[in-house]
Amino acid sequence: MTGDDGVLLGIDFGGTKMAVGVADAAGRLLARERVPTYAERGAPQALDRALELAAKLVGQAGGPLAAAGVASPGVVRPDGIDLAPNVPGWDRLRLADAVRDRLGAPVVAVDNDLNAAALAELRLGALRDADPGLVVGIGTGVAAALTVRGAVLPGHHGAAGEIGYAVAGGPWPGTMLELDFSGRALDRLAADLGVPGAAAGLAAAAASPGPARDALTARVDELARHLVTCCLLVDPQRVVLVGGVAGSDLIRGLLVERLAAVLPYRPEVVLSGFADDAALLGAVLLAGEAVPAVS
């Protein structure tokens with residue numbers, strides 16, 4: 001039980017996994033669970049299973065539900081979602097309405113998943129004492145979030161940091177960065193090279209000289225070029241890496257080497273201390289910050 005203030009719900013939707021957590025009024029997580037997205041099965045089933053899990057956790061916590069925060073890939077609008085191609089049908093979802101209708105949440109705050117992760121780093125993590133900050137997410141896709149003076153910068157359309165759409169390769173317009181470097185891109189590369197274990201297996205194979213290392217290094221070089229430009233543009237004090245691919249010591253080390261080799265002012269580059277929970281914690285923070293609006 002959490003007292004009269006109710007509980008906060010956080011949901012982090014991802015292209016590979018979905019995380020749901022319930023916290024007390026102070027934002028302390030009481031319970032959390034993670035389930036696969038099964039992206040190939042489409043958006044409706046993923047949303048339905050996440051909300052079913054959310055209802056279970058809220059019920060176990062004893063409620064009532066004070067507010068919900070939702071982190072989602074893409075640019076979330078009231079009537080749909082832009083720039084979220086990894087789950088078929090995700091663009092047609094109305095996340096706030098679905099959470100409100102299914103769970104009876106009095107208020108629902110929704111934001112981009114990496115923006116939510118950046119909020120968690122600002123309030124609780126590696127960016128509490130750094131300004132500006134840059135959060136780079138390397139998971140199913142790739143994206144960035146910029147923090148300035150204690151706030152996450154959304155951009156004019158809410159699309160700041162969508163570097164997965166950056167132009168890569170050639171001839172013009174080449175391809176998208178996310179098709180060259182992301183969890184899914186590395187899964188495909190591993191399959192093309194005959195390396196078992198998808199992206200993680202590729203990183204393990206690349207620990208030794210050979211075709212796997214050469215191929216992975218070329219992909220890291222492409223990402224590094226774009227991160228160099230990001231750093232030159234905003235001059236961050238600290239860069240925080242989040243996501244499953246960022247957990248690879250080899251990939252992280254290659255990125256740090258490349259940034260250090262060319263940047264005139266080198267930011268500190270660190271791995272998030274939240275493992276896979278940065279966006280979930282950010283979703284809980286979104287819920288907590290939304291509560292005063294209905295108090």
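Biologist: Where does Asp235 lie?
Modeller: The model is predicted. Phi of Asp235 is near 50°, a positive value in a residue other than glycine. Most residues other than glycine have a negative phi. As for its place, Asp235 lies in the loop between α7 and β13.

Biologist: What is the relative accessibility of Asp235?
Modeller: Buried means under 20% and exposed means over 50%. Asp235 counts as partly exposed because its relative accessibility is 45%.

Biologist: Which element holds Ala198?
Modeller: Ala198 is not a glycine, yet its phi is positive, near 55°. At 33% relative accessibility, Ala198 counts as partly exposed. The element that holds Ala198 is helix α6.

Biologist: What covers the buried residues of α6?
Modeller: The buried residues of α6 are Ala199, Gly201, Leu202 and Ala203. The cover over these residues includes α5, α7 and α8.

Biologist: At what angle do α5 and α6 pack?
Modeller: Two packed helices are described by the angle between their axes and the distance between the axes. For α5 (residues 183–193) and α6 (residues 198–205), the axes are 7 Å apart. The crossing of α5 past α6 is left-handed. The packing angle of α5 and α6 is about 65°.

Biologist: How many nonpolar residues does the contact of α5 with α6 have?
Modeller: On the α5 side stand Gly183, Leu186, Asp187, Leu189, Ala190 and Leu193; they meet Ala198, Ala199 and Leu202 in α6. By class, that contact has 1 polar residue, 1 charged residue and, as nonpolar residues, 7.

Biologist: Which element gives the most to the largest nonpolar core?
Modeller: In soluble globular proteins, nonpolar side chains tend to be buried together. The largest nonpolar core here has 36 residues; Phe181, Leu186, Leu216, Leu223, Ile251 and Leu255 touch the most other members. At least two residues each come from β8, β9, α5, α6, α7, β13 and α8. With 10 residues, the element that gives the most to this core is α7.

Biologist: Which residues does Leu255 touch, not counting residues up to four places away in sequence?
Modeller: Leu255 is among the core residues that touch the most other members. With residues up to four places away in sequence left out, Leu255 touches Ile138, Val220, Leu223, Ala224 and Leu227.

Biologist: Which are the edge strands of the open sheet?
Modeller: This sheet has 5 strands, in the order β10-β9-β8-β13-β14, with mixed pairing. An edge strand here pairs on one side only; the edge strands are β10 (151–152) and β14 (268–271).

Biologist: Which residue in β14 is the bridge partner of Val239?
Modeller: Strand β13 (residues 238–242) and β14 run parallel, joined by 4 bridges. The partner of Val239 in β14 is Val269.

Biologist: Which strands does α7 touch?
Modeller: Helix α3 (residues 113–124) lies across β8, β9, β10 and β13, at about 40° to β9. Helix α7 (residues 211–234) packs on the sheet too, and its direction makes about 160° with that of β8. The strands α7 touches are β8, β9 and β13.

Biologist: How many of the residues of strand β1 are buried?
Modeller: In a regular strand the side chains alternate between the two faces of the sheet. On one side of β1, Val7, Leu9, Ile11 and Phe13 are buried; on the other, Leu8, Gly10 and Asp12 are buried. Strand β1 is largely enclosed by the rest of the structure, because the count of buried residues is 7 of the 7.

Biologist: Which residue in β2 stands opposite Gly10?
Modeller: β1 and β2 form a hairpin with 3 residues between them. They run antiparallel, with 6 bridges. Opposite Gly10 in β2 stands Gly21.

Biologist: Which residue in β4 stands opposite Ile11?
Modeller: β1 also pairs with β4 (residues 65–72), in the parallel sense, over 6 bridges. Opposite Ile11 in β4 stands Val70.

Biologist: What is omega for the cis peptide bond of Asp131 and Pro132?
Modeller: Most peptide bonds are trans. Pro132 lies in the loop between α3 and β8. The bond joining Asp131 and Pro132 is cis, with omega about -10°.

Biologist: Which loop holds Pro171?
Modeller: A cis peptide bond joins Gly170 and Pro171, with omega about -5°. The loop that holds Pro171 is the one between β11 (167–168) and β12 (175–176).

Note on methods:
Residues numbered from 1 in each chain as written. Predicted model: local features only at pLDDT ≥ 70, side-chain atom pairs only at ≥ 80, totals over all residues. Heavy atoms only, no water. Axes fitted to C-alpha atoms, helices over the stretch in contact; angles between N-to-C directions. Left-handed = near helix turned anticlockwise from the far one by under 90°. Contact = heavy atoms within 4.5 Å. Nonpolar A, V, L, I, M, F, W, Y, C, P; charged D, E, K, R; others polar. Buried < 20%, exposed > 50% of the residue type's maximum accessible area, 1.4 Å probe, protein only. Pairing = 2+ DSSP bridges. Core = buried A, V, L, I, M, F, W, Y, C linked by side-chain atoms within 4.5 Å.
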